[in-house]
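Please look over the fold and the ligand site of this protein. The report below goes through them part by part.

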Amino acid sequence: MENKKYKGKSTEAIHAGEALPVLPTGAQDQQAGKTGIPLLPPIYQNSTFRFQTAEEFASAFIDEESGYVYTRWGNPTQKLLEQKLAVLEAGESALATASGMGAISTALLTALADGGHVVAMENLYSATYNLLNEEFPRMGIETTFVDATDPNKVESAIRPDTKVIYLESPTNPLLKLVDLAACAEIAKAHNITSIIDNTFATPCSQQPIALGIDVVLHSMTKYLSGNGAVIAGAIVGEKEFIVRAQKGALRNFGAVISPFNAWLTLLGIPTLPLRFARHCENAAHIAAFLETHPAVAWVRYPGLPNHPQHDLAKRQMNGFGGMITMELKGGRAAGEKFVNQLQICALAVSLGDVRTLVCHPASTTHSHIPTEVRQQTGITDGLVRFSIGLEDSEDIIADLEQALETLPFYSEI
Ligand SMILES: *Cc1c(COP(=O)(O)O)cnc(C)c1O
């Protein structure tokens, strides 16, 4: 792990982990004594590595620290990204993976290597919910879903065979928060591994390991890469856990990141603190605008004083993020009409992009869920989720305003 300490997140995002020794550019250059190291880390887009001697080859097999063998086992571009991730999340070690789901499944398969039970937040990211609710039961792993906004409910659901407490905060799409320090304490008291998906908050806003959480996960597809160019994920935790994950579930199930995607993610991370600050600033303006609009029933944003857990947000987060959820007064018809009118904001799933993305869950991401079940979990018909981008907030507001004005409810006023 990186031993240099930086005062701020921006320096960290730019410089952390870049102490990786650069592999020789080529025998000819070495012989010619050429100096100069690429400022932007090069990409090692190769599947395998060659050795000079049988002895070197043999020792790389015995002691993996001594060399690179095969990219599914490790690659310098992946390694560089992993060193940066460990520093950003203040963890001992990190693993980059092929996707956020690759990180989630690899981490869970590692923590549940001997089977066991999971206590998980309800309203998880949909694929995570499917993994726990459909895939894992076939392997004999059961999950109890609880409203983890109340840590007592987490503790009450613990069984003798519970191995994992699995959390998200803020949650998708209702932006509920979980008291991470309280849940981490419960996990420690029961000797259970605590895991959080920190995708929505990013390491700029929330440092779960400092709050006592064991393992932090990311979909780097979102804010970390920020460029909308890759699918990628990350696991950060203690070295012992990361080594077990790498040598076991990652290598054998194979959710390995490609060097090219690792490199594209490395291009995104240095601007994360700057981007995140702007996402937060824009979202604050837009949440305030939406809150006063007569076509909007309510707005949920952790930075608004009317968020039910605003105090926890202030205590636990450093910046309230770029995600906003609102309910339109006109229900499903209003939701669909509204998104059809948008010009700048793009209709798309995903989040953390430089562009503002908008999604109407009732007609898209959550349309497969029976209406009553959907309503019970708070995914109402007029719900619209925004991932606020980096455009000028005046332009985003103007776009939202012209779309809201077309709603029948608005013209009745
Ligand atoms: C997108 C997302 C995931 C899944 O990540 P992929 O990179 O799409 O595999 C997991 N958790 C959260 C909170 C997400 O937003």
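What follows covers the ligand site, two sheets, one loop residue and some backbone features. The model is predicted.

**The ligand site**

How many residues surround the ligand? The shell holds 14 residues. The closest are M101, D197, S219, T221 and K222. By class, 7 residues of the shell are nonpolar, 5 are polar and 2 are charged. Helix α5, residues 100–111, gives the most to this shell, with 3 residues.

Polar atoms of G100, T221 and K222 approach oxygen atoms of the ligand, as tabulated here.

| Residue | Protein atom | Distance to a ligand oxygen atom |
|---|---|---|
| G100 | polar backbone atom | 2.8 Å |
| T221 | polar side-chain atom | 2.6 Å |
| K222 | N or O atom in the side chain | 2.8 Å |

The protein buries 92% of the 380 Å² that the ligand exposes when taken alone.

**The sheet of 7 strands**

One open sheet has 7 strands with mixed pairing. Across the sheet the order is β1-β7-β6-β5-β4-β2-β3. Which strands form the edges? They are β1 (93–97) and β3 (142–146), and each pairs on one side only. Neighbouring strands are turned against each other by 20° on average, direction ignored.

Inside this sheet, β4 (residues 162–168) pairs with β5 (residues 193–197). The sense is parallel, and there are 5 bridges. Y166 stands opposite I195 in β5.

Two helices lie across strands of this sheet. Helix α5 returns here, lying across β1, β4, β5, β6 (215–219) and β7 (233–237). Its direction is about 155° to β6. Helix α10, residues 239–253, lies across β1, β6 and β7. Helix α10 runs at about 30° to β1.

**The sheet of 5 strands**

Another open sheet has 5 strands, again with mixed pairing. Its order is β8-β9-β12-β11-β10. The edge strands are β8 (296–300) and β10 (346–347), each with pairing on one side only.

In which sense do β9 and β12 pair? Strand β9, residues 323–328, pairs with β12 in the antiparallel sense over 5 bridges. The bridge partner of M326 is V384 in β12. Helix α14, residues 331–341, lies across β9, β10, β11 (357–359) and β12. Helix α14 runs at about 130° to β9.

**A loop residue, T380**

Where is T380? T380 lies in the loop between α15 (371–376) and β12 (383–387). Leaving out residues up to four places away in sequence, T380 touches E327, A362, R374 and Q375. T380 and L328 are 52 residues apart along the chain, and their C-alpha atoms are separated by 9.6 Å.

**Backbone features**

Most residues other than glycine have a negative phi, and most peptide bonds are trans. Three sites depart from this pattern. The peptide bond joining S169 and P170 is cis, with omega about -5°. The bond from N172 to P173 is also cis, with omega near -5°. P170 lies in the loop between β4 and α8 (180–189). P173 is placed in the loop between β4 and α8 as well.

What is the phi of A90? A90 has a positive phi of about 55°, although A90 is not a glycine. A90 is found in the loop between α4 (76–88) and β1.

**Drawing it together**

Helix α5 links two parts of this account. Helix α5 gives the most residues to the ligand shell, and α5 lies across strands including β1 and β6. Strand β4 likewise recurs: β4 pairs with β5, and the loop between β4 and α8 holds P170 and P173. Strand β12 joins the later sections. Strand β12 pairs with β9, and the loop between α15 and β12 holds T380.

Definitions and conventions. Residues numbered from 1 in each chain as written. Predicted model: local features only at pLDDT ≥ 70, side-chain atom pairs only at ≥ 80, totals over all residues. Heavy atoms only, no water. Near = heavy atom within 4 Å. Polar contact = N/O pair within 3.5 Å; in protein donor to acceptor, adjacent residues only side chain to side chain. Areas by Shrake-Rupley, 256 points an atom, 1.4 Å probe, with all protein chains shown as cover. Helix = DSSP H or I, 4+ residues; strand = E, 2+ residues; numbered from the N terminus. Nonpolar A, V, L, I, M, F, W, Y, C, P; charged D, E, K, R; others polar. Pairing = 2+ DSSP bridges. Axes fitted to C-alpha atoms, helices over the stretch in contact; angles between N-to-C directions. Contact = heavy atoms within 4.5 Å.
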